[in-house]
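Notebook open, coffee poured. I want to look at the ligand surroundings first, then go through one strand and its partners.

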Amino acid sequence: MTTKTPITIARGDGIGPEIMDATLNIMAAAGAQLDIEEIEIGKAVYESGIKNGIADSSWASLKRTKVFLKSPITTPQGGGFKSLNVTIRKSLSLYANVRPCVAYAPFVETSHPKMDLVIVRENEEDLYGGIEYRQSQDVMASLKIISRPGTERICLYAFEYARANGRKKVTCMTKDNIMKLSDGLFHKVFDEVGALYPDIEKEHMIIDIGTAKVAAHPEMFDVIVTTNLYGDIISDVAAEVTGSVGLGGSSNIGLDFAMFEAVHGSAPDIAGKGIANPSGLLLGAVMMLVHIGQGKVAADIHNAWLKTIEDGIHTGEIYREGNSKKKVGTDAFSKAVIERLAQKPSVLKPVDYSKAPSGGLILPALQPRKEAMKERVGVDIGINWDGSPDDLANKVLSCVNDNLELQMISNRGTKVWPKGNPDTFCADNWRLRFMGKDGSTVKTSQIIALMDRMNKADLNFTKSSMLSTYDGVPGFTVAQGE
Ligand code: NAD
């Protein structure tokens, strides 16, 4: 007797219940061995007053099964609601978001028939930490966090994924020409990890030109690994370029947990009409079946689905006269897939998941941290100020004593003192950089004493950031124009 794998499902909002029914019917017909627990998430839960859209009792099911097949949900606008997707990804440490984006030409209309790429997006860090501050009347700031272990893990995942799936190249995308420390670290760790995979081609692109290339020449790419925000944007560009957002499935992989879903949202404009394409969630479910070791069932479903697409049986959003043969709704589409369960596509490439490891990819251990010599060399202090940079400097200079010197003042990242350009526009939040005199190290007590004098001079603080060197290398950037 085959043992059933426990999984948790949620039907979600909008078209969610319709596409979940279709997906469950196809998996049952294909012989998937699943022990299904259902939880409620989304709109109704938000409206019951639970701000993150998931009740405490639902976490128990997720922690028990560790595998979650999730329909899209509708996130209410405003009202202090938190994104359920971000909550789940972060609470369960689902560090890798994997989105295959494939063209199904000539059966689904696309300008890029050869496109077949996978985006591996870091899922926990970057600007999605949601660490934001109002720093003054006029200025808001968001903190971008990139860690070495987080980056190493996502890069290892991308290379292991490439190797396990017979892919030849991994492209890293960052903006390290501007964000030299955060994106610079991502690029550096990508190079270090890439060196462990001599069999796989490596390249790096700046994200702006990289995104343009994905839109115009997606066939250039194989696996793309990138940070959270860039990955969010580029994966929607790539999904759209395949021909329809309705066709993309995605997985969110953690060390212990995994969540599988469609790329698209809850499509409230077509909800309840029975016309939604269930393919995104179905392909998410295929990734889930591979993950839980039911690769044969996964391949049977995927091949039957490819054959259905190839036979021109299409839901409305991909139906085109000439290309398609029959326009169907959600239910008829799922029945067509079920009818083709023993078949393989003849033009599109059939899939084979027989070698996929159960439980997902196993990553090599992360490198032990190389401890660098850290020395405090200064401090940046944020100040609210409505006057000129010179007046601010004069006021601050009277607070500086022998240990620290005021090195520069910047506004919105551009140096405005000393010798600033009078044409630089200044908002009401200023950054003052104090360094130890003659390169000397700086003690916390010296900084506290300086801030005490500034406080007595009625200067209005917004934040402070310690400045350190690591093995002599500055752990901070210089201002524009410094
Ligand atoms: P959407 O993806 O729901 O819809 C965009 C367009 O694509 C619509 O015209 C829709 O009809 C169409 N579409 C989407 N899926 C389709 C399918 N399976 N078959 C046929 N057509 C399909 O994006 P949106 O309108 O920006 O967002 C709607 C809601 O979904 C919002 O509340 C948003 O927050 C939420 N959302 C949820 C998730 C998720 O739960 N993972 C992801 C994205 C958006």
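**Ligand site**

I started with the ligand and found 19 residues around it, the closest being Ile73, Gly265, Ala267, Asp269 and Asn277. Note to self: this is a predicted model. I sorted the shell by class and got eight nonpolar, seven polar and four charged residues.

Next I looked up polar contacts to the ligand. Ala267 puts a polar backbone atom 2.7 Å from a ligand oxygen. Thr75 also uses its backbone, with an N or O atom 3.4 Å from an oxygen of the ligand. For Asn85 I noted a side-chain contact instead: one of its polar atoms sits 3.3 Å from a ligand nitrogen. I then checked cover: on its own the ligand has 810 Å² of accessible area, and the protein covers 67% of that.

**Strand β11**

I moved on to β11, residues 249-253. Is this strand mostly covered or not, and how many of its residues are buried? It is mostly covered, with five of five buried. I split the side chains by direction: Gly249, Ser251 and Ile253 point one way, Ser250 and Asn252 the other, and both sets are buried.

**Partners of β11**

Which strands pair with β11? One is β4, residues 96-102, which runs antiparallel to β11 and is joined to it by three bridges. There I found Ala96 opposite Ile253 of β11. Another is β12, residues 258-262, also antiparallel, with five bridges to β11. In that pairing I logged Glu261 of β12 as the bridge partner of Ser250. Last entry: the link from β11 to β12 is a hairpin of four residues.

Definitions and conventions
Residues are numbered from 1 along each chain as its sequence is written. This is a predicted model: local features need pLDDT of at least 70, side-chain atom pairs count only at pLDDT 80 or more; totals for chains, interfaces and linings use all residues. Side-chain values use heavy atoms; hydrogens and water are left out. A residue is near a molecule or strand if one of its heavy atoms lies within 4 Å of it. A polar contact is a pair of N or O atoms within 3.5 Å; within protein, one must be able to donate a hydrogen and the other to accept it, and residues adjacent in sequence count only if both atoms are side-chain atoms. Accessible areas come from the Shrake-Rupley method with a 1.4 Å probe; for residues, only the protein chains shown count as cover. Ala, Val, Leu, Ile, Met, Phe, Trp, Tyr, Cys and Pro count as nonpolar, Asp, Glu, Lys and Arg as charged, and the others, Gly among them, as polar. Buried means under 20% relative accessible area, exposed over 50%, partly exposed in between (1.4 Å probe, protein chains only). Helices (H or I, at least four residues) and strands (E, at least two) are DSSP runs, numbered from the N terminus. Two strands pair if DSSP finds at least two bridges between them.
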